Amino acid sequence: MKKLILSITMIFLAFAFTACGNEANTEATEANNEEVNNEIANPWIDCANLDEAAQVAGFDIAVPDRIDGYPNTFIQAMEKEMIQVFYSDKDLEDETYSAILIRKGFGDDISGDYNEYTENKTADMHGVSVTLSGNDGLIYKALWQQDGFAYSIGADKGIDEALVNDLVESVK
C-alpha cells in the first residue's frame, strides 16, 4: 500500500512540475511575443522615383538628379509626412559609404541629426534664411523653411558652404 501511495505521489509531483514548467514556458513565450509585437514599425517606404514618393507623402520634392562624388540615389517617403533622398558614394550596404541626405517635410528640425556642432550660423541663400551647423569649416546640417515646408540637408562627412548653397537653390 505504501508503494502505491508513493507511486501516486510521484506521478502527481511529476505532473505538477511539468505543468509549472509549461506555464513558465507559456508565460515566457507570451512575454517574447509581446516584445516582438511592441516593436515600432519602420514608417519609411522605399520608392522607385520621386513621383512615387510624392504619392506616398502627399506633396512633391525637386532635388538634383546627381551630386558630384555621390552617384547613387535612394528615395524613401513617410506617408503624409516626409520625403528623403540619399545620395551616396557607394552602395548603402557598404559600411564605408558617405552620404548626403536631403529631406522635405513638416516640422522644425526634420534632419534627424541631433549632434552638437562648434560652428553654427545663419546665411541668406537665394532669399532663404538657412541655419548651417558644422565643424572645422564643413557643414554637416543645413535647415530652412520655405512655402510651408521644412527642409534639411545632412552630410555625414561634411560638405562646403558652396555646395550647400547650390543644393538650397535646387531643392524645392
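In the predicted model, Phe59 has a relative accessibility of 8% and therefore counts as buried, the cut-off for this class being under 20%. Phe106, by contrast, reaches 43% relative accessibility and so counts as partly exposed, a class that lies between the buried limit of 20% and the exposed limit of 50%.

Six aromatic pairs were found in the structure. In one of them, the ring centres of Phe59 and Phe106 are 5.3 Å apart and the ring planes meet at 80°, so that the pair is classed as edge-to-face, for which the angle must be over 60 degrees. Because Phe59 is located in the loop between helix H2 (50-57) and strand S2 (72-78), while Phe106 belongs to the loop between S4 and strand S5 (119-125), this pair ties together parts of the chain that are 47 residues apart in sequence. Phe59 also forms an aromatic pair with Phe149, with a centre-to-centre distance of 4.9 Å and an angle of 50° between the planes, and this arrangement is tilted. Here, too, distant parts of the chain are linked, since Phe59 in the loop between H2 and S2 and Phe149 in strand S8 are 90 residues apart. Phe59 and Phe149 are both buried, and ring pairs join Phe59, Phe106 and Phe149 into a cluster. A charged side chain is also placed against this cluster, as Lys104 lies over the face of Phe149 at 4.3 Å from the ring centre.

Strand S8 (149-159), in which Phe149 is found, also contributes to the lining of the largest pocket. The volume of this pocket is about 170 Å³, and among its 15 lining residues those closest to the centre are Leu101, Ser111, Gly154, Ala155 and Asp156. At least two lining residues are supplied by each of strand S4 (99-105) and strand S8, and the largest share, amounting to five residues, comes from S8. In terms of residue character, the lining of the largest pocket consists of eight nonpolar, five polar and two charged residues.

At the level of the whole protein chain, three helices and eight strands make up the secondary structure, and these elements follow the order α-β-α-β-β-β-β-β-β-β-α from the N terminus on. Of the 172 residues in the protein chain, 35% count as buried. Among the contacts in the protein chain with a separation of 6 or more, 43% are accounted for by residues 24 or more positions apart.

Notes: Residues are numbered from 1 along each chain as its sequence is written. This is a predicted model: local features need pLDDT of at least 70, side-chain atom pairs count only at pLDDT 80 or more; totals for chains, interfaces and linings use all residues. Side-chain values use heavy atoms; hydrogens and water are left out. On a 1 Å grid over the protein atoms alone, a cavity is a set of points where a 1.4 Å probe fits but cannot get out, and a pocket is an open set with protein on both sides within 12 Å along at least five of seven lines; lining residues have an atom within 4 Å of a point. Grid points are joined across faces, edges and corners, and a volume is the space filled by probe spheres set on the points. Helices (H or I, at least four residues) and strands (E, at least two) are DSSP runs, numbered from the N terminus. Ala, Val, Leu, Ile, Met, Phe, Trp, Tyr, Cys and Pro count as nonpolar, Asp, Glu, Lys and Arg as charged, and the others, Gly among them, as polar. Rings of Phe, Tyr and Trp (its six-membered ring) pair if their centres lie within 6.5 Å; planes under 30 degrees apart count as stacked, over 60 as edge-to-face and the rest as tilted. Buried means under 20% relative accessible area, exposed over 50%, partly exposed in between (1.4 Å probe, protein chains only). A charge sits over a ring if NZ of Lys or CZ of Arg is within 6 Å of the ring centre and within 35 degrees of the ring normal. Contact means heavy atoms within 4.5 Å.
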